[in-house]
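Please describe how the two chains in this entry are built and how they meet. Start from a local feature and work outward to the domains and the interface.

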Amino acid sequence: MREATQSELDTIRSEVRAWLEANWNPAWRNQAVDGPNRITWLTRVVEARWAAPRWPVEWFGRGWDDARGRVVESEFARVGAFGTGQDRTNLWSNTVLTFGTKTLKEQLIGGLLRGEINMCLLYSEAGAGSDLAGVRTRAEKSGDEWVVNGQKVWTSRAKIADYGMLIARTNWDVPKHKGLSFFFLPMKQAGVEIRPLRQITNESEFNEVFLTDARAPAANLLSREGDGWRVLVTALAYERSVMGESARGPRSGAAVERKQGEAEFVALAREADRLDQPEMRQRIAQVTALRRLNDLNSARAKAEIAQGSSSSIMSLGKLAMSRILHEEARLRTDLLGAQSLLEGPDHPRAEDANFLSLNAYFTSIGGGTDQIQQNIISERVLGLPKEPEVDRDVPFREVRGG
Amino acid sequence: MGRLSTEELTSLEDSLARLLRDQSPMTAVRASMETEDSFSQELWQQLAAMGITGLLIDEEYGGSGAGPVTMERVMEQVGATLMCGPLLASAVLAAGVISGSGDHAAEARLLPAIAGGDSIATVLLTGPKGTWTEEGVALTAAPQGNRWTVSGEAHYVLHAANANCWLAVARTDQGLALFELDRKAQGISCNRQRSFDHTLRIDQITLDAVPGKAIGTPGCGWQAVEQGLNQALVALAGEQAGGARRMLEITVEYAKLRYQFGRPIGSYQAIKHMAADLIIESESAVSAARKAAAELDARSSDYPGWISLAAFACADAFNRVAADGIQMHGGIAFTWEHPAHLYLRRARAGVQLFGNSTYHRENYVRALGG
């Protein structure tokens, strides 16, 4: 579409601003993930066509370009409203829009944008973690349905999900990337059994999902049979683009008393009476620097992208964040010393240091381990050659698993 | 001229890249490091003609006033090519100290020639301690009639033998003060030191009652030095960021070409994982140096903290990339002919100049409120 003039962008800005003034209630600010008014608000946003302005008019959008879409997003951000920019960030609806059948689009896109439909991911398996193309869950055609058998893991929100985005093997006689297909599997059915996993943090946000003759209608196959890897790669790219900035902080809720302009670790060190220890001072500088440097890198990447050039720095963020989280947790622990032997609500600092030490693995393993991330950076950013894969051109039936 | 637009900056960067490609290839760097001066007069004159020596000097004193943001970008290329010369000593540190003195007569007398490259200036700052702090100053000055004489030792002086303008930081009864020394006077002993970074010229100077002209108000000498040091730290950070980036490029290119066990060593994860870690280091260094330059330029309220951050982040990044880069190369980088050790030598020099990383981390913690 034609590039917008400044005055057109200004018109859009005032239109969005006026609409928000008439419709947005600031009290809903923290209801983006869940909250009593979430769906009501999202429904309004979808009806006003602000949810996905870059999408075609046919699918709740306005057919706008990125510059126009950004204006809408910046106005929403200004008042703390959520629900726009889903054309960029809503993994589920973007995947359906790009690869779904017409039936599936009609059935799901509106509900996904309005937040009425809950989703989960059925990707990883016990035997297919980093090597996701090695999944062994099978889907077989039976009449106008697919019958699915296998076992998935690391599925969050499985219990409330209406559908799971499923990668399954539909052909065992071709190499591993070529025999995969991608489905929207209905979760509320007899063939789906969900068991929560107890994590090292003593929390249970992830589940194992057992699929026994679970059924998916033919219309729920995305793209074509055998094209699942391509769909998955696209979906993963959406997921990575919103990951990395979402790491959790301390969970105790205990505030740290900070003087004006004081860095968090300075406050923690003062509280622990270790601010005068030269070694701790050095480490506070080092650890605070890591996070600041990553912020500077992200800001530079965003500026480069805004100027229309691609940025390779963007892809460094997840690996850098994993280092930051581990280093920060290590410093929190060392500032506490023996107190870190304890946990629980009576020992909030220890609780946080210990939780963060363990939860750092969420980022350094989840969504691709640091080592896989290093492979990706070295290949895609630095252009180093791929390592030969012994199973790449072998029919999957003959590939060794375990 | 003043601050450059994005287009002007890009155009300056392009011209400089062409100049350095033609005049400062690795063969020229090696030739420079073998000479007495450690740099090429011809290249120096061309840099001056391009305005590089006047970037940090105000227009009223013959410079362009382009400022630290532009100088930082220039230094990225200096680091990438290992260009030799007194740019940091003269056009950055000495020019900054003179401007920082607020002595308009001295600025008018000294800065135009520095901006034009006709004069090379250097600062006699630290003593044998080598700390680049007030405590490190080992020169003393005493009034003699309406003049001053300066005595004592100055160490780690950059390009002193090449410089015609010597600025001494010395202790007086009224506190630290700045002096322009009479370069031709009796009582000067200037000894060239063997520098581990062969592209760097370092001298040790002993002064015995050498006449000096006071610049600025005695007692306010350290303020002037701080302005010079801030500029120097930002410029050095840029040089290190540029050096780190280039060393990584050289290493990655080699890893694609070098075959062992029938495939490029760059296809092994042992090499890939090191390379991925190093690009985070080098890109963070670029971000840190550019941020420090922007904050210094804006004189923001927290610019000292950003400079401290850049000082240790860039020094450490360059050091790590150069060191790991040698390891990733293997035997070829253990040879004198390979440029890798030249990068490591410059990286190691940069960790010490103007205060080491431990010192800058301590300053950073203070800036964070600690």
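## Strands, helices and the chain contact

In chain A, strand 2 and strand 3 form a hairpin with two residues between them, and G143(A) in the turn has a positive phi of about 65°. This is a predicted model, in which local features need pLDDT of at least 70, side-chain atom pairs count only at pLDDT 80 or more, and totals for chains, interfaces and linings use all residues. Residues are numbered from 1 along each chain as its sequence is written, while chains are lettered from A and ligands numbered from 1 in the order in which they are written.

**Hairpin of chain A.** Strand 2 of chain A covers residues 138-142 and strand 3 of chain A covers residues 145-156. Strands and helices here are DSSP runs numbered from the N terminus (E, at least two residues, for strands; H or I, at least four, for helices). The two strands run antiparallel and are joined by five bridges. Two strands pair if DSSP finds at least two bridges between them. A139(A) has V148(A) in strand 3 of chain A as its bridge partner.

**Strand 7 of chain B.** Which strands of chain B does strand 7 of chain B pair with? The table lists strand 3, strand 5 and strand 6 of chain B, each with an example pair.

| Partner of strand 7 (residues 202-215) of chain B | Sense | Bridges | Example pair |
|---|---|---|---|
| Strand 3 (residues 147-158) of chain B | antiparallel | eight bridges | W148(B) with G212(B) |
| Strand 5 (residues 175-181) of chain B | antiparallel | four bridges | F179(B) with A214(B) |
| Strand 6 (residues 188-192) of chain B | antiparallel | five bridges | R192(B) with D203(B) |

**Helix pair in chain B.** Helix 5 (residues 87-101) and helix 6 (residues 104-115) of chain B have axes that come within 10 Å and cross at roughly 165°. Axes are lines fitted to C-alpha atoms, for helices over the stretch in contact, and angles run from 0 to 180 degrees between N-to-C directions. The two helices of chain B are therefore roughly antiparallel to each other. Angles under 35 degrees count as roughly parallel, over 145 as roughly antiparallel, 65 to 115 as roughly perpendicular and the rest as oblique. Helix 5 of chain B passes helix 6 of chain B in a left-handed crossing (the near helix is turned anticlockwise from the far one by less than a right angle). Helix 5 of chain B contributes S90(B), A91(B), A94(B), A95(B), I98(B), S99(B) and S101(B) to the contact, and helix 6 of chain B contributes A106(B), E107(B), L110(B), L111(B) and I114(B). Residues are in contact if their C-beta atoms, placed from the backbone, lie within 7 Å. By class, this contact has eight nonpolar, three polar and one charged residues. Ala, Val, Leu, Ile, Met, Phe, Trp, Tyr, Cys and Pro count as nonpolar, Asp, Glu, Lys and Arg as charged, and the others, Gly among them, as polar.

**Domains.** Chain A is divided into domain 1 (6-89), domain 2 (119-229) and domain 3 (264-366). Chain B has domain 1 (6-115), domain 2 (121-221) and domain 3 (223-367). These bounds come from an automatic or database domain assignment. The centres of domains 2 and 3, taken over C-alpha atoms, are 34 Å apart in chain A and 30 Å apart in chain B. In chain B, 14 residues of domain 2 contact twelve residues of domain 3. The domain 2 side has eight nonpolar, five polar and one charged residues.

**Where the chains meet.** 28 residues of chain B are in contact with 34 residues of chain A. Helix 7 (221-257), helix 8 (269-298), helix 9 (303-329) and helix 11 (357-367) of chain B each give two or more residues to the chain B side. Helix 8 of chain B gives the largest share, twelve residues. That side has 13 nonpolar, nine polar and six charged residues.

**Helix 12 of chain A.** Helix 12 (residues 370-381) of chain A meets helix 8 of chain B, with axes that come within 8 Å and cross at roughly 80°. They are therefore roughly perpendicular to each other. Q371(A), Q374(A), N375(A), I377(A), S378(A) and V381(A) meet Q269(B), K272(B), H273(B), A275(B), A276(B) and I279(B). The contact divides into five nonpolar, six polar and one charged residues.

How values were computed. Contact = placed C-beta atoms within 7 Å.
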